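Trainee: I've got the viewer open and a pile of labels I don't quite trust. Can you walk me through where they come from?

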Amino acid sequence: MKRVVAVVIALLVLAAGAFAWASRQAGLEVADAIARQQTFLGRQPWLRIAAQTYERGLFSSTATTTVEVRGPYGELLAGVLARATGSRGPVRLTQLLDIRHGPLPNWRRGDFAPARAVIETRLRLEGDLGERLPELFGADAPALVVTELVDADDGVAHLRVPAIARELSGGVRLAWQGLHGDIRFARSYDRMQPDLTMPGLELQGKDGKATLGAMSLKGDLRLGSHGLWLGTADARLAELSATGPGLALRATAGSYRTGVDAAGDFLDLKTDMAAQGVEFQGEKAGPFRLAMSARHLHGPTVKALRDAAEALQARNPTPREEALEQIALTRRFFGDLMRRQPEFRVDDLSFRMPAGDLRLTLSLRVVRYDDEAGANPFSALEGIEGDLDLDLAEPLALALGEKALARRGAWPGAAAGEAPDAAAAARSAASDQINALVLQGHLVRDGERLKAAARWRDGALKVNGFPVAVPFGRPPEPARPAIELPPPDLPPPPPRTLPGR
């Protein structure tokens, strides 16, 4: 019996030793993961690391990172917080990590799910900003993020940001329903898969109201070979509305999708924005869609441009210095991008209104670019090929023309003392202009639809097959007559004598 007890005790001691050893090894691994996270934060040009700490124990550790948000993001966040709290100053944020590591990091809480570590993240805003927003940044605020390091390579961060309801400065009431979701990531921070939901936000004041409803974000992103993020991101918004003096805006079922693909050294970027319904100042439209793309972009040049822009942000320039530097960067890298013959497209611009619908596509392709084109913008235009196709309902064109012309006021030529019907005059003028464009060949009437096809080649423009003069292009070639006439300087033909004369 004593021998059995001794064996059991020995096994328990061995198990405890193995558990402690595994916890220690996990602690070393987590320390490396935290160091990578702090390095990742330090690489962001809009952050400045003010302080870092890490204290490792056998079964748990703590870490803190204090950052100052700088540049445009810092100004934007400082402005938002100033409106929300009435206090403005540099935005300094401290991240506090409570880390439990080991093979069973939650064993003291009765949870025996295996993981490398469980990390609870709290945030503190320095100064009175944190005191004014205790739900997020106060001393008793809950962990906003709980991260599980699942294995040696992957992790998942669970976001649970609480709701806020309070009176802000100026009599504005804020009602935010929080944020929740997961972000799966690689421990090397070269892959991320967010899946986040914000149920809603509402700001209401004495003179108006703004609402965001049911917003979500999903993505699958990975770091490419050139240090650029590839993959897709998809954001959806159930409703956006704003009302106030002279303002009435509402959009429903909005979406925004972007994607970046790579083939060798070249990138293809695509964005697609859409809304089921849009209403502005009483005018209704929808569905609406704008799809754009940039193709065959040289990845190393794009990365060099991004790195230069981030280095500029790290210097924390003044707004004027930043604007001048951005112009200089654009000039510096523009030629390198153009020499690789990229293509820029509006793949689809379409919307519908009560009077009809419109669809437009546009493509611009760089086919030639040299040093002369870089020095002379007009010469650069000759190395671009462009295509534009327009198809719209004539009632819509007439309605849009009426609205644009009616805003110009009274019409010239009206009899003295008379009050002309501005709407009728605008309608007649819009119809006359459409008919004139059809007669000139700039528009083609196809039933109740108006169509146009513009082609730009070698510095010359043709619309619906007819050459059109433009100030910055080559003069159009003269149209050849349908019947060839002899040149006027030829001698007249000799007289002929008919038989019987």
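Trainee: Start with the core. Which residues touch the most other members of the largest nonpolar core?

Mentor: In this predicted model, the largest nonpolar core has 34 residues, and Ile34, Ile99, Leu136, Leu149 and Trp176 touch the most other members. Helix α1 (residues 2-42) gives the most to this core, with 5 residues.

Trainee: What makes a set of residues a nonpolar core?

Mentor: The members have to be buried residues of the nonpolar kinds, joined through side-chain atoms within 4.5 Å. There's also another core that lies apart, of 14 residues, including Leu290, Leu358, Leu392 and Ala452.

Trainee: And what does isoleucine 99 touch, beyond four places away in sequence?

Mentor: Val30, Ile34, Tyr54, Phe59, Ser60, Ser61, Ala63, Ala117, Val118 and Ile119.

Trainee: Next, the rings. Why is the pair of phenylalanine 185 and tyrosine 189 called stacked?

Mentor: Check the centres, then the planes. The centres are 5.6 Å apart, and the limit for a pair is 6.5 Å. The planes differ by 10°, and under 30 degrees counts as stacked, so the pair of phenylalanine 185 and tyrosine 189 is stacked.

Trainee: Are those two rings buried or exposed?

Mentor: Phenylalanine 185 has 9% relative accessibility and tyrosine 189 has 12%. Buried means under 20%, so both phenylalanine 185 and tyrosine 189 are buried.

Trainee: How many aromatic pairs are there?

Mentor: The count comes to 2. Phenylalanine 334 and tyrosine 369 form a pair too, 6.2 Å centre to centre with 75° between the planes. Over 60 degrees counts as edge-to-face, so that's the label for phenylalanine 334 and tyrosine 369.

Trainee: What makes you say that this pair ties together separate parts?

Mentor: Phenylalanine 334 is in helix α6 (residues 319-338), while tyrosine 369 is in the loop between β18 (356-366) and α7 (371-375), so the pair links parts that are 35 residues apart in sequence.

Trainee: Why is phenylalanine 334 called partly exposed, and tyrosine 369 buried?

Mentor: Phenylalanine 334 comes out at 40%, and partly exposed runs between 20% and 50%. Tyrosine 369 is at 19%, under the 20% cut-off, so tyrosine 369 counts as buried.

Trainee: Now aspartate 348. Where does it sit, and how do you know that it's buried?

Mentor: Aspartate 348 is in strand β17 (residues 343-353). Its relative accessible area is 8%, and the cut-off is under 20%, so aspartate 348 is buried.

Trainee: What makes its link to arginine 289 a polar contact?

Mentor: The two side chains come to 3.2 Å, and the N or O atoms must be within 3.5 Å, with one able to donate a hydrogen and the other to accept it. Aspartate 348 is also in contact with Leu290, Ala291, Arg359 and Leu360.

Trainee: Last one: how do you know that β14 pairs with its partner strands?

Mentor: At least two bridges are needed. Strand β14 (residues 266-280) has 14 bridges to β13 (residues 247-263), 9 to β16 (residues 288-298) and 3 to β15 (residues 283-285). The pairing with β13 is antiparallel, and glycine 254 has alanine 275 as its bridge partner. In the β13 and β14 hairpin, glycine 264 takes a positive phi near 65°.

Methods: Residues numbered from 1 in each chain as written. Predicted model: local features only at pLDDT ≥ 70, side-chain atom pairs only at ≥ 80, totals over all residues. Heavy atoms only, no water. Helix = DSSP H or I, 4+ residues; strand = E, 2+ residues; numbered from the N terminus. Buried < 20%, exposed > 50% of the residue type's maximum accessible area, 1.4 Å probe, protein only. Contact = heavy atoms within 4.5 Å. Phe/Tyr/Trp six-rings, centres within 6.5 Å; stacked < 30°, edge-to-face > 60°.
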